[in-house]
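Please open the model in your viewer and keep the sequence beside it, since this tour moves from one selection to the next.

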Amino acid sequence: MDKIVVLDFGSQYSHLICRRIRDFSVYAELLPFDTPLEEINKMNPKGIIFSGGPASVYDSGAPVPDEKIFQLQVPILGICYGHQIIVNNFGGKIKRANKEYGSSVLTIDSDSGILNGIGDSVRAWMSHGDEAEDVPEGFEIIGHTENSRYAAIANKQKTVFGIQFHPEVVHTEKGTEILKNFVLNVCNANQDWTMEKFVENSVENISKVDGNVLCGVSGGIDSTVAALLIHKAIGDRLKCVFVDNGLLRLNEAEEIENMFKENFEVNFTKIDGQEQFLSKLNRVVDPEEKRKVVGEEFVNIFTKFSKENGPFTWLAQGTLYPDVIESGVSKGPASVIKTHHNVGGLPDWLNLKVLEPLRDLYKDEVRKVAKIIGVPQNLLVRHPFPGPGLAVRIIGEVTKNKLDITRIASKIVEEELQNADLYEKVWQAYAAVGDDKAVGVVGDERKYGNIVMIRIVDSIDAMTADWTRIPNELLEKISNRITNEIDDVTWVSYVVSSKPPATIEPQ
Ligand code: XMP
């Protein structure tokens, strides 16, 4: 499989570069900027891309790649800060400029190489403080904007390119075409990253694992797909455990048990841990503490199961690529945003080795894999749900009353979206609740009731998200049903914050 390596210099858009490239069926992987050259070499990349980043090449300690990377004879494309690294490395100059943020018109000066077929001009997304002041010897200007004379440069002989704008951002017109030109025409990479091939390779790789594999399944698509892939490879050496932690959606535990028993032939055990989790969460209000408690209880339950049903050699997890990036375990400059408990959380536990067959995949890629291996349609379209469940959708202490409110209100949100044919079009939709109360009038009486927050978002991979503009009439219907059907709720609000700066979950 041909590979493109993207070195991460800390831009919020770094992961999008991989995303766009994989969309046209070439495998791209994000690596920390200081990945040793031998490791990059081992991957035998067809091309290397330097991402943008917040630093200035003249800062002390500015991130730079191993300088021998330029001798690899592999095509290189630098984006924004990556462009400045290239200019600086080949002897050009960088200067501080007025910050340029937003869309500019890029005029194409040479429509060959990465700008082949792009036309005379396109709108390009800029987000930078520094800029090139001149170009290094051997480079030509292939594109400019009003403010940046050297917005796109090329040394076609060395196949090194630098662009000041961000082709990976949707606001750049023909940005994907520019990346395609680099990856397909300059690097000559084959479009051989297909999910069919992924399934074939994973099953082959997993079949080499020794001993028994323990897999915690949540009923979500990630752990289900991970389990089914492993089952395909090693059959009954896989044992799946599903824990009802008391933090699941309405009727979810029964639905998951039925789904596994009716559809799959995997070895499946359900454990009722409701009491255990909820008593440990008693009076815990800090979200990270909640995650820790939930994580620890999972460990306790799995430890017991493993002692009674082992020995196991492997613990399987449905970790995805965005979890890996967001948890900071990719060692890139992206900082830890939340401790997703399912990533890197159990390193020494019971000496089990961790098997993460999906850790290179984005969510939509997992959906494609799910389809290929026969996951039922209703699970395929089910929205993602966080591992710590309703504990992170309930702000403040997790109480029985707040659990009931979120469960019923979320069910109403889901039902109404389904009725309006919108459920499958949005990324996630739920109702959250906290301790804030608002006054309402019930009959002739004033009463204080809970405020429910409805969160519905659009997203492609959960790394960014936009709040969904649903019709007012639908909001009204949801709101009416929630206040009518749940005694304790007086107010319903709609969350209109996007990610960033917000996150999808309230905690
Ligand atoms: P945020 O809230 O970080 O969510 O924008 C991004 C995606 O991750 C899910 N999420 C979690 N999943 N453990 C999980 O397994 C967690 O602690 C966790 N927190 C958030 C969230 O539902 C969304 O899909």
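Begin by selecting Gly 102 together with Met 126, a residue of strand S6, because the two stand opposite each other. Bear in mind throughout that this is a predicted model. Widen the selection to strand S5 (residues 94-108) and S6, and you will have two strands that run antiparallel and are joined by eleven bridges. Strands of a sheet pair through backbone hydrogen bonds, either parallel or antiparallel.

Now show the whole sheet, an open one of nine strands with mixed pairing, whose order is S2-S1-S3-S4-S9-S8-S7-S5-S6. Strand S2 (27-32) and strand S6 (121-132) stand at the edges with a single partner strand each, so one side of each is left without a neighbour in the sheet. As you follow the order across, the twist averages 25° from one strand to the next.

Go next to the edge at S2, where strand S1 (residues 3-8) pairs with S2 in the parallel sense over six bridges, and where Asp 8 has Pro 32 in S2 as its bridge partner. Is S2 mostly covered or mostly exposed? S2 is mostly covered, with six of its six residues buried: Tyr 27, Glu 29 and Leu 31 lie on one side, while Ala 28, Leu 30 and Pro 32 lie on the other.

Then select helix H3 (residues 81-89), which lies across several strands, including strand S4 (76-79), and runs at about 120° to S4.

Leave the sheet for helix H5 (residues 195-206) and helix H11 (residues 363-372), which pack with their axes 9 Å apart at an angle of about 75°, and which are therefore roughly perpendicular to each other. To see where they meet, show Met 195, Glu 196, Phe 198 and Val 199 in H5 beside Glu 365, Lys 368, Val 369 and Ile 372 in H11. Sorted by class, this contact has five nonpolar, no polar and three charged residues.

Which residues have the most contacts inside the largest nonpolar core? They are Val 213, Val 225 and Leu 358, in a core of 43 residues. Among the elements that each supply at least two residues of this core are H5, helix H6 (221-234) and H11, and H6 gives the most, with nine residues. Select Val 225 and look beyond its neighbours within four places in sequence, and you will find contacts with Leu 358, Val 366, Val 369, Ala 370, Ile 373 and Val 375.

Finish at another core, which lies apart from that one and has 42 residues, among them Ile 394, Leu 474, Ile 478 and Val 489.

Notes
Residues numbered from 1 in each chain as written. Predicted model: local features only at pLDDT ≥ 70, side-chain atom pairs only at ≥ 80, totals over all residues. Heavy atoms only, no water. Helix = DSSP H or I, 4+ residues; strand = E, 2+ residues; numbered from the N terminus. Axes fitted to C-alpha atoms, helices over the stretch in contact; angles between N-to-C directions. Contact = heavy atoms within 4.5 Å. Parallel < 35°, antiparallel > 145°, perpendicular 65-115°, else oblique. Nonpolar A, V, L, I, M, F, W, Y, C, P; charged D, E, K, R; others polar. Core = buried A, V, L, I, M, F, W, Y, C linked by side-chain atoms within 4.5 Å. Buried < 20%, exposed > 50% of the residue type's maximum accessible area, 1.4 Å probe, protein only.
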